[in-house]
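User: Hi! I have a two-minute break at the bench and would like to walk through this model with you, one question at a time.

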Amino acid sequence: MSAQETPSSPRPVSGPLQRLWSGALPEVLSAGCVAVLLAAVGALYLLTDLAWEAAAPGRGLPDALRWRWGLVTVGAVLLIAFLYRRLRRQARPLAAVQRNLEQLAAGVERDLATLALSDALGQVAQGWNRLIGQLGEAQRQLRTLSAGPTPENVLARFESAGFRRVLDRLPFGVLCVDARHALRYANGAAAVWLGRPAGELIGLPAAQVLDNEAVRQALLAVRTRASTLSVDHTQQDGEHETTLRFRVLPPADGAPGGDVLVTIEDIGALRETERARDHFLYHVTHELRTPLTNIAAYAETLTKPEFEDEQTRKECYNVIVSETRRLSRLVEDILSISQLEVGTARLNPGEVDLARLLRQMVQDNLGAADDKQIDLTLTLPPKVPKLRGDKQKLSVLVNNLVGNALKYTPRGGQVQVVLDVTEQAVRIVVRDNGIGISPADQARVFEKFYRAADDAVQSVTGTGLGLAIAREVARLHGGDITLTSVPQQGSTFTVELPLTTGESAEVARG
Amino acid sequence: MSRILVAEDDPHILRLISLWLTRQGHTVVEARNGIAARELVQAEPVDVLVCDVNMPGLDGLSLIEGLRSTTHVRRGVVVLTNRWDHGDLRERLAAEGIQVLPKPFSPTRLSEVVAALLAAVPVEPGGREPGPT
């Protein structure tokens, strides 16, 4: 391996004199040694000379030699002074580096740049500075690595990105509990549920803030688990009852010393929905069982020899047929109301010729009216505007109201269907002079499966869903149904449908 | 001939039970709700009461409760129900010797249960003779 091949070190200072001038340590030290030696020898020589001269005048050195040695000594002393100044200048940054190193060792945070040496110190300084540079780079990389997705880093980033505001707008509470069981973070909703400003919550012991033993237990237990724990907590605030669901999430990466995340959710609405669903299911099964019971029992009757007479058999067949119809109507109604309520029912909007629709519905119900000798009439205004809506669903609405009126109107009664038109809306009025609805029942007739308790109503078969469906259809069209009724005198159902719904600005003209 | 009260709000079921029990030679009294049933049974005792649970006005269980300490029902009670928790109901009422038939029910089975109640020896010591008094 030749000398050329070795990587040449940087050489900012070239000649030895230049290096000496700039104070490079080896040169200064060598020159210093020479200067000290010369000064010492010169001074010794001159002192000896002075001693000889004093003891025996004329026995000292010759004048020329004395002058020369004097100059050498003075020059050497000057050189020492110069070199000392040079050295002092170099030592100052070294002293600073030493101070910073000591502080760094004592744990005081210092920027690595304070440890850099001036280039004038030559290769040692360059090597040292390179080392510092590499150390700084390693430190930066380490910081980036440790800034992984630990909660505090995430939150710190959220803070900087304005995400904390996003967390504050969430409809559920978010808490962050650290390894010392102190609250590290609480978003806006959590602060509301816990009844204190978020600023006051930070740093408080979690056990002090969360006054539910089960939640506190979950906070401890979750550290050794991989799964989320859930606790429901009901609190009474005066008459108002709130049920909160606390979900306690284990620390990220399963580290038992990590931060535990807690979410808080108001499940009151959820509970209400569950209750409503149970109620609905209960009624559905109850309602389905009734026709099913009839069909099964009458079919069984048909198989028995003791019921062979023509009249009984005919009665059985009739009940089976009518109850099968009732069952299928019930299934259809249940599907309709479910779709309407869940919102999966979509309006299939188009131009609806209301006059034609009403004529058709009255026509369809004439048979039932004739059976009870009820006078079913339709009154239309001279001009009927075209309505934007779902023809099929509006037909169901009208049919349910007319069918209802016929059912609860005694033999020989009257049912009138009237269409009223105003600038903004159409009004379909279905009026009967039937059994009427008591004030207590009026408020509830639109509820699903609600049927008034009196005999006159109970003796008529019905699903208890017709009016609920009718109202949902009216509301889907941006309208509603109102009811006025006097028991034993009759009822009037009024459907009001706006001519312009929010959905379509397109208005059909009459 | 025994006297049987059927309390049931569904007209078809009421008619059917009435049809079956009449064919078996019983006298059947019909009630469309609990209140009417109570009035009928108080006016004249019956041998067996067949009643629905869900009825307007006065439900079947309240009707039975009100009649428990009386001697208006001489031989026994059969409860028809379409309640989903009929298992619990059956257990609870079995202690009182009340039969529970969940709907849909078999009219043949109902006839058998009624016949069994009528054939059994009266529980009450020195119980009255079956039949209208």
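Analyst: Happy to help! One term first: two strands pair if DSSP finds at least two bridges between them. Please keep in mind that this is a predicted model.

User: Thanks! Which residue of strand 3 of chain B is the bridge partner of B:Val6?

Analyst: Strand 1 (residues 3-7) of chain B pairs with strand 3 of chain B in the parallel sense, over four bridges. Within strand 3 of chain B, the bridge partner of B:Val6 is B:Val50.

User: And on the other side, how many bridges join strand 3 of chain B to strand 4 of chain B?

Analyst: B:Val46 has its bridge partner, B:Val73, in strand 4 of chain B. Strand 3, helix 3 (residues 60-67) and strand 4 of chain B make a right-handed β-α-β unit. Strands 3 and 4 of chain B pair in the parallel sense, and the number of bridges is six.

User: Is strand 3 of chain B largely enclosed or open to the outside?

Analyst: A residue counts as buried under 20% relative accessible area. In strand 3 (residues 46-52) of chain B, seven of the seven residues are buried, so the strand is, with respect to the rest of the structure, largely enclosed.

User: In what order do the five strands of chain B form their sheet?

Analyst: Along the sequence, chain B follows the pattern β-α-β-α-β-α-β-α-β-α. The five strands form an open sheet with parallel pairing, in the order 2-1-3-4-5.

User: Which strands are at the edges of that sheet?

Analyst: An edge strand pairs on one side only. Strand 4 of chain B is joined to strand 5 of chain B by four bridges, and the two run parallel; there, B:Leu80 has B:Leu101 as its bridge partner. The edge strands of chain B are strand 2 (27-31) and strand 5 (99-102).

User: Now for charges. Where in chain B are the two partners of the salt bridge between B:Glu96 and B:Arg68?

Analyst: The closest N and O atoms of B:Glu96 and B:Arg68 are 2.7 Å apart. This pair links distant parts of the chain, 28 residues apart. B:Glu96 is in the loop between helix 4 (86-94) and strand 5 of chain B, and B:Arg68 is in the loop between helix 3 and strand 4 of chain B.

User: What separates B:Glu112 and B:Arg109 along their helix?

Analyst: The side chains of B:Glu112 and B:Arg109 meet in a salt bridge (3.8 Å, N to O). Because they are three residues apart in helix 5 (residues 107-119) of chain B, their separation is about one helical turn.

User: Over in chain A, which elements does the salt bridge of A:Arg271 and A:Asp232 link?

Analyst: The side chains of A:Arg271 and A:Asp232 meet at 3.2 Å, N to O. The two residues are 39 residues apart and in distant parts of the chain. The elements are helix 11 (residues 268-302) of chain A, with A:Arg271, and strand 3 (residues 229-237) of chain A, with A:Asp232.

User: Last one: which residues make the nonpolar surface patch of about 220 Å²?

Analyst: One member, A:Val72, lies in helix 3 (residues 63-105) of chain A. A:Val72 counts as partly exposed, at 33% relative accessibility. The patch is made by A:Val34, A:Leu38 and A:Val72.

Definitions and conventions: Residues are numbered from 1 along each chain as its sequence is written. Chains are lettered from A and ligands numbered from 1 in the order in which they are written. This is a predicted model: local features need pLDDT of at least 70, side-chain atom pairs count only at pLDDT 80 or more; totals for chains, interfaces and linings use all residues. Side-chain values use heavy atoms; hydrogens and water are left out. Patches are made of residues with over 30% relative accessible area and no salt bridge: like charges are joined within 9 Å, nonpolar side chains (Val, Leu, Ile, Met, Phe, Trp, Tyr) within 5 Å. Accessible areas come from the Shrake-Rupley method with a 1.4 Å probe; for residues, only the protein chains shown count as cover. A salt bridge is a side-chain nitrogen of Lys or Arg within 4 Å of a carboxyl oxygen of Asp or Glu. Buried means under 20% relative accessible area, exposed over 50%, partly exposed in between (1.4 Å probe, protein chains only). A crossover is right-handed if, with the strands pointing away from the viewer, the path from the first strand over the helix to the second runs clockwise.
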